[in-house]
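Thank you all for coming; I would like to walk you through one structure this morning, beginning with its interior and working outwards from there. Please have the sequence and the model open in front of you as I talk.

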Amino acid sequence: MVFRQYFQCLFLVFFMLLASFPALAGSPLKTNINGLPFHWGSTVVFHPESGELKAGVFDHDQSVSLIRDALDQWAQVPGVNLNIVEGETLADGGDTHAGNYTQFYKANPWHCYDNDPSTPCNSPIIFDEDGSIIEDLFGSCSQYSILGFSGFSDVAGDSGDPTWTQLKRGQAIFSGACIAPAQSKPGCQPCNVVLEPEEVKTLVLHEMGHFLGLGHAQVNPDSYLNCHAQGTCTEEIEEHLPTMFPLLMKGAKMLSLHRDDILSMQRLYGNPDAGTCQIKGKVLSADGTKVLRGVEVVARNTEDSQFFTDAFATISGEMSPKVTATGKETTNCLENCGDFTLSGLKPGETYQVCVQRILENFTGTKFVGPADPPFQGVDQDCPESLTFTCQCSGGECDQWQDVKVLTNNQGVDFAYAVSPESPALAAGCSLSHRFTRSFAWYRLAFVSRIFFT
Ligand SMILES: [Zn+2]
């Protein structure tokens, strides 16, 4: 079925007026109170320090190349319009260490948002060669478990003003302490994992994904559990994990972008619906009376060879308007709490829509989707009735609306579930759209825990 989409035309006009302001998104790292994702404008400028990541392995130029190559790899996703610019090296020598990094790290974020060109706006990239900055930030010995992290400084999302969802400042810190040959220190456990150069590239690609506004992705939890059980990912499943998976897995080819990574990037910076089909719907309890937020909905190509690779996910309610800007509880939702949109079905291909829960371990710095802790009230299911073959003609592709996905949730775990008519939520509608000049600093540590402890 092909719908004539005046909505799409509206979307395009909207898109052009507001540059890369997306109307829908997959897995953003952060949304504002109205559910709009934070993302950069058309240009990203980063400012590397003058030092190096690891003597003898990544000198200064190679260290900067790691950053540039990672940002370029994301920017080169088809349909993405993002100009990556290497700005000036950080001032005052710019070789950071534990004694001076606070000149750059978290420094003067308002300079980026005050529209005053005389206040310099820097997005610092810090190479913490010996891990001493990480140790200063997170405590003794932390440099042997935290490999690096990144994020952005944004204007607090409770203003509801969409112009404030455009990012202008990010920052990242990478530690050389656990890059081979690893460092050690008396009294500290050795590195959880010692990184080879390819793994360093994966780490940087993942972190710069966060820098650009991408959140974590799960998509194929069973493949991960298989890798976990085997101690490494076997050849059959090495391509199943997305780069934005919350853990760096031995044997996984996370250095090449998974289809889910590509679509997530397109949702923030392009138009994933161009030339593809789309499914919109709601995730519901077994009796269909309650909507469920925080359930992962996956489209899987029904070809055996592509079931895990041409697979992409969204999470119900991830774009919903919220009661508070930053609350991570599943009930922090005002309306459309079970809604999902899956964009990117390829013409001529058949997909099955599946539901699954986010692994309960993916909490804290490993969180996936809008809710933390993740909703555990559904079991994995791929109902045969939810099979869709994408067809396009004359430039228009199928769009399915109001698709109802019934889960096996019996209403027994409703601490996390949301009823759209609940009086408590109606009371939560008295929102203040007061503009606050505060910053929410967002960061995610990419910890080196290869397996669950
Ligand atoms: Zn991460």
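Let me start with the largest nonpolar core, which holds 99 residues, and within which Ile67, Val204, Met208, Met249, Val283, Val297 and Ala299 touch the most other members. Both domain 1, covering 18–261 + 436–447, and domain 2, covering 274–427, contribute residues to this core, and so it lies between them. As background, nonpolar side chains tend to be buried together in soluble globular proteins. I should say clearly that what you are looking at is a predicted model.

For the overall picture, the chain has 453 residues, of which 48% count as buried, and its secondary structure comes to 7 helices and 17 strands. If we take the contacts between residues at least 6 apart in sequence, 74% of them join residues at least 24 apart.

Now to the helices, and I will take H4 before H2. Helix H4 spans residues 197–211, and its 15 residues reach 21 Å from the first C-alpha to the last, close to the 21 Å expected at 1.5 Å a residue. How much of H4 is buried? The count is 12 of its 15 residues, so the helix is largely enclosed by the rest of the structure. The buried residues of H4 are not all nonpolar ones by name, since they include Glu199, His206, Glu207 and His210 alongside Val204 and Met208. After the helix comes Gly213, which has a positive phi, near 110 degrees.

Val204 leads us across to the other helix, because once its neighbours within four places in sequence are left aside, its contacts are Leu66, Ile67, Ala70 and Phe174. Of these, Leu66, Ile67 and Ala70 are among the buried residues of H2, together with Ser63, Val64, Leu71, Gln73 and Trp74. Helix H2 runs over residues 60–75, and its 16 residues should span 22 Å at 1.5 Å a residue, which agrees with the 23 Å between its end C-alpha atoms. The cover over the buried residues of H2 includes helix H4 and helix H6 (259–269), as well as strand E2 (43–48), strand E3 (83–86) and strand E4 (124–128).

Let me turn to the sheets. In general, the strands of a sheet pair through backbone hydrogen bonds, either parallel or antiparallel. One open sheet here has 4 strands in the order E10-E9-E12-E13, with antiparallel pairing. At its edges are strand E10 (311–315) and strand E13 (387–389), each of which pairs on one side only. On average, neighbouring strands of this sheet are turned by 25 degrees against each other, direction ignored. Strand E12, residues 350–356, is joined to E13 by 3 bridges, and Tyr351 has Phe388 as its bridge partner in E13.

Another open sheet has 3 strands in the order E11-E8-E16, and here the pairing is mixed. Strand E11 (339–345) and strand E16 (399–406) form the edges, each pairing on one side only. Between strand E8, residues 277–284, and E16 there are 6 bridges, and these two strands run parallel; Gly281, for instance, has Val403 as its bridge partner in E16.

I will finish on a single residue, Val353, which sits in strand E12. Is Val353 buried or exposed? It has 23 C-beta neighbours inside 10 Å, and therefore counts as buried. Not counting residues up to four places away in sequence, Val353 touches Ile279, Val297, Ala299, Leu386 and Val405. With Leu386, the separation is 33 residues in sequence, while the C-alpha atoms of the two are 5.5 Å apart in space. Two of the residues that Val353 touches, Val297 and Ala299, were in the list I began with, among those that touch the most other members of the largest nonpolar core.

Conventions
Residues are numbered from 1 along each chain as its sequence is written. This is a predicted model: local features need pLDDT of at least 70, side-chain atom pairs count only at pLDDT 80 or more; totals for chains, interfaces and linings use all residues. A residue is buried if 20 or more other C-beta atoms lie within 10 Å of its own, exposed if 12 or fewer, and partly exposed in between; C-beta atoms are placed from the backbone. Two residues are in contact if their C-beta atoms, placed from the backbone, lie within 7 Å. A nonpolar core is a set of buried Ala, Val, Leu, Ile, Met, Phe, Trp, Tyr and Cys residues joined through C-beta atoms within 7 Å. Domain bounds come from an automatic or database domain assignment. Two strands pair if DSSP finds at least two bridges between them. Axes are lines fitted to C-alpha atoms, for helices over the stretch in contact, and angles run from 0 to 180 degrees between N-to-C directions. The expected span of a helix is 1.5 Å times one less than its number of residues.
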